[in-house]
Amino acid sequence: MSRAPLPYSQKIIELFKNPKNAGKMEDATVTASVGSPICGDVVVIYLKINEENDVIEKATFESYGCAANIASSSILTEMVKGKSLAESWKIGWRDIARELGELPSVKAHCGILVVGALKKAIREYYSKKKPPPKWLPEELTAEEKHVLKEEKIAEALAKKVRA
Ligand code: FES
């Protein structure tokens, strides 16, 4: 039995075939990686940050994931380029979906994962390089909670495998 193809937008297909900003960044200021044990996909976000003004000069990604994950990572790295960390922090997974011309509902998780990685990288920057600014909330965002939940599932699975 063959499955019906997912209703991907033209933009998703285009970015999946020709992703922008794909690849490891050797001189990244911060890196964050998140993974989903549910689908087995992993995404790594690299940010080159101007530490004078906290502006993202360059962003790249590595994705071991589905077409929606690759397209989401690609569009996110385009969206944050030239933006301050404060502006980039405001980007949510719905903004990614909008830029992509909508994500199929079963693929919303792919956008959430990518935004979770961005937020993890921003928190990492402020925990290692500078004291956290006022705009950075202590409470985790919906995307971060989602990523954390998946990481806990991964840990539990790993424990089961080791037992
Ligand atoms: Fe896992 Fe897309 S299905 S990131």
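# A walk through the sheet and its helices

Select residues 30-35 and 42-50: these are strands β1 and β2, which pair in the antiparallel sense over six bridges. Strands here are DSSP runs of E at least two residues long, while helices are runs of H or I of at least four, both numbered from the N terminus. To count as a pair, two strands need at least two bridges found by DSSP. Before going on, know that this is a predicted model, in which local features need pLDDT of at least 70 and side-chain atom pairs need 80 or more, while totals for chains, interfaces and linings use all residues. Residue numbers start from 1 along each chain as its sequence is written.

**Stop one: the sheet**

Stay with β1 and click on Val-34: across from it, in β2, stands Val-43. Now try Gly-35, whose bridge partner in β2 is Val-42. Follow the chain from β1 to β2 and you trace a hairpin with six residues between the strands. Pause at Gly-40 in that turn, since its phi is positive, at about 80 degrees.

Next, add residues 55-64 to your selection. That's strand β3, antiparallel to β2 and joined to it by nine bridges. Pick Lys-48 and you'll find Lys-58 of β3 opposite. For Val-44, the bridge partner in β3 is Glu-62. This is a hairpin too, with four residues between β2 and β3. Look for Asp-54 in the turn, where phi is positive again, at about 55 degrees.

Now show the three strands together. What order do they take in this open sheet? It goes β1-β2-β3, with antiparallel pairing. β1 and β3 are at the edges with a single partner strand each, so each has one side with no neighbour in the sheet. From one strand to the next, the twist averages 15 degrees.

**Stop two: α2 and its neighbour α1**

Keep the sheet on screen and select residues 67-80, helix α2. α2 lies across β2 and β3, and runs at about 175 degrees to β3. (Angles go from 0 to 180 degrees between N-to-C directions, and axes are lines fitted to C-alpha atoms, for helices over the stretch in contact.)

Then bring in residues 10-17, helix α1, whose axis comes within 8 Å of the axis of α2 and crosses it at roughly 85 degrees. The two helices are therefore roughly perpendicular (65 to 115 degrees; under 35 is roughly parallel, over 145 roughly antiparallel, the rest oblique). To see where they touch, show Ile-12, Leu-15 and Phe-16 of α1 with Ala-67, Ala-68, Ile-70, Ala-71, Ser-74 and Ile-75 of α2. In contact means that C-beta atoms, placed from the backbone, lie within 7 Å. Colour these residues by class and you get eight nonpolar, one polar and no charged. (Nonpolar is Ala, Val, Leu, Ile, Met, Phe, Trp, Tyr, Cys and Pro; charged is Asp, Glu, Lys and Arg; the others, Gly among them, are polar.)

**Stop three: α2 meets α5**

Select residues 108-128 for helix α5. At what angle do α2 and α5 pack? It's about 40 degrees, with the axes 8 Å apart. That angle makes α2 oblique to α5. On the α2 side, show Ala-68, Asn-69, Ser-72, Ser-73, Leu-76 and Val-80. They meet Cys-110, Gly-111, Leu-113, Val-114, Val-115 and Leu-118 of α5. Sorted by class, this contact has eight nonpolar residues, four polar ones and no charged ones.

**Stop four: α5 meets α6**

Leave α5 on and add residues 142-162, helix α6. Here the axes come within 8 Å of each other and cross at roughly 100 degrees. α5 and α6 are therefore roughly perpendicular. Show Ile-112, Leu-113, Val-115, Gly-116, Lys-119 and Lys-120 of α5, which meet Glu-143, Glu-144, His-146 and Val-147 of α6. This contact holds four nonpolar, two polar and four charged residues.

**Last stop: a distance to try**

Find Glu-87 in helix α3, residues 85-89. Draw a line from its C-alpha to the C-alpha of Ser-73: the two residues are 17 Å apart in space and 14 residues apart in sequence.

Notes: Contact = placed C-beta atoms within 7 Å.
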